Each structure stands twice: as C-alpha cells, then as structure tokens.
Amino acid sequence: MPIEFFRRLLGGRADAAPARPVRLDLGKREESPYRAIGIWPGEPSCLGARQLAQLRFLYRSAPRLPLPECDQAECHCTYAHYSDRRSGAERRSASGALPPGMVERRSGQDRRRAKPR
C-alpha cells in the first residue's frame, strides 16, 4: 500500500509494474563508512610511498597510485584494505575508567539544559 502511494505521488500508475526488478543482496554485508586504505610500497618504491606506508586514509580520500611524485619507471605499490581507519588499542576501557595519568575534565553539569534565569 505505501508503494502505491509513492508511485501515484511520483506520477506513475498504482497498478503499473516497476521499471526493473528489485534485487536483494542478502549475503552482502553493510560496509563501514570508516573503512580505510593504506599504501603498501612495492620493491623498488619511491620515498613518498614509503612515507605514506605508515598512514591509513578513508577509502574515498586515499591518494591514487602511482603517486604524482613517484620517480620509479614502473610502480609496484598496492593498496592494503582495513575495516577501520583507527589502529591500536582504544583509549577507553570497557569499565569506563580512565587510564592511569589521565584526568577527568568534564564538569558533570549538563550543558544542554537551559540555565535558570
């Protein structure tokens, strides 16, 4: 019933068949918006690729290969794919306690509530 409403709203007939069949990808996982790409320098590799090897980029903002400053006759660098841009341990603990040496900086007051006048 809601589909018929939207078809009529968009100018189509309620009894008209869809223009193309809807395909469901049941086996496909939803991809994270934070998936990342790193640069895996090949042998031989340029200085730029070796410097960027330590970094992870969001998949949409990763530099294209070969890098513009690449001085090799043939680029053998590839991308390494990661599920998340972050690496290493999280700063938060499972209990919510701060790691040793860190100080609680929150005031405890709710800044979203209106202040009494």
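In this predicted model, the number of disulfides is zero. C75 takes part in no disulfide, and the nearest cysteine sulfur, belonging to C77, lies 3.9 Å away. C77 is likewise in no disulfide, its nearest cysteine sulfur being that of C75, at 3.9 Å. A disulfide requires the two sulfur atoms to be within 2.5 Å, and therefore a separation of 3.9 Å does not qualify. The surroundings of these two cysteines can be described by their accessibility: C75 is partly exposed, with a relative accessibility of 28%, whereas C77 is buried, at 12% relative accessible area.

C77 also appears among the contacts of a serine. S45 is located in the loop that connects β1 with α2, the latter spanning residues 47-52. With neighbours within four places in sequence set aside, the residues in contact with S45 are R50, Q72 and C77. Is S45 buried or exposed? S45 has a relative accessibility of 9% and is counted as buried, because the limit for that class is under 20%.

The following table sets out the accessibility of the three residues discussed so far.

| Residue | Relative accessibility | Class |
|---|---|---|
| C75 | 28% | partly exposed |
| C77 | 12% | buried |
| S45 | 9% | buried |

Turning to the overall architecture, the chain contains two helices and three strands. Along the sequence these elements follow one another in the pattern α-β-α-β-β. The chain has 117 residues, of which 13% count as buried. Among contacts with a separation of 6 or more, 57% join residues 24 or more positions apart.

The three strands form an open sheet in the order β2-β1-β3, and their pairing is antiparallel. The edge strands are β2, residues 56-58, and β3, residues 78-82, each of which pairs on one side only. On average, and with direction ignored, neighbouring strands of this sheet are turned by 40° against each other. Strands of a sheet in general pair through backbone hydrogen bonds, in either a parallel or an antiparallel sense.

How many bridges link β1 to each of its partners? Strand β1, residues 36-40, pairs with β3 in the antiparallel sense over five bridges. Between β1 and β2, which also run antiparallel, there are three bridges. Individual bridge partners show how the strands are aligned. I37 has H81 as its bridge partner in β3 and F57 as its bridge partner in β2. For G38, the bridge partner in β3 is A80. Strand β1 is also mostly covered, since four of its five residues are buried.

Aromatic rings provide a further group of features. Which residues lie over the faces of Y59 and Y82? R35 is positioned over the face of Y59, at 3.6 Å from the ring centre. R56 lies over the face of Y82, also at 3.6 Å from the ring centre. R56 falls within the residue range of β2, and Y82 within that of β3. As for pairing between the rings themselves, a search of the whole structure finds zero aromatic pairs.

In summary, β1 stands between β2 and β3 in the strand order, and four of its five residues are buried. C75 and C77 are in no disulfide, and C77 is in contact with the buried loop residue S45.

Technical notes: Residues numbered from 1 in each chain as written. Predicted model: local features only at pLDDT ≥ 70, side-chain atom pairs only at ≥ 80, totals over all residues. Heavy atoms only, no water. Pairing = 2+ DSSP bridges. Axes fitted to C-alpha atoms, helices over the stretch in contact; angles between N-to-C directions. Phe/Tyr/Trp six-rings, centres within 6.5 Å; stacked < 30°, edge-to-face > 60°. Lys NZ or Arg CZ within 6 Å of the ring centre and 35° of its normal. Buried < 20%, exposed > 50% of the residue type's maximum accessible area, 1.4 Å probe, protein only. Contact = heavy atoms within 4.5 Å.
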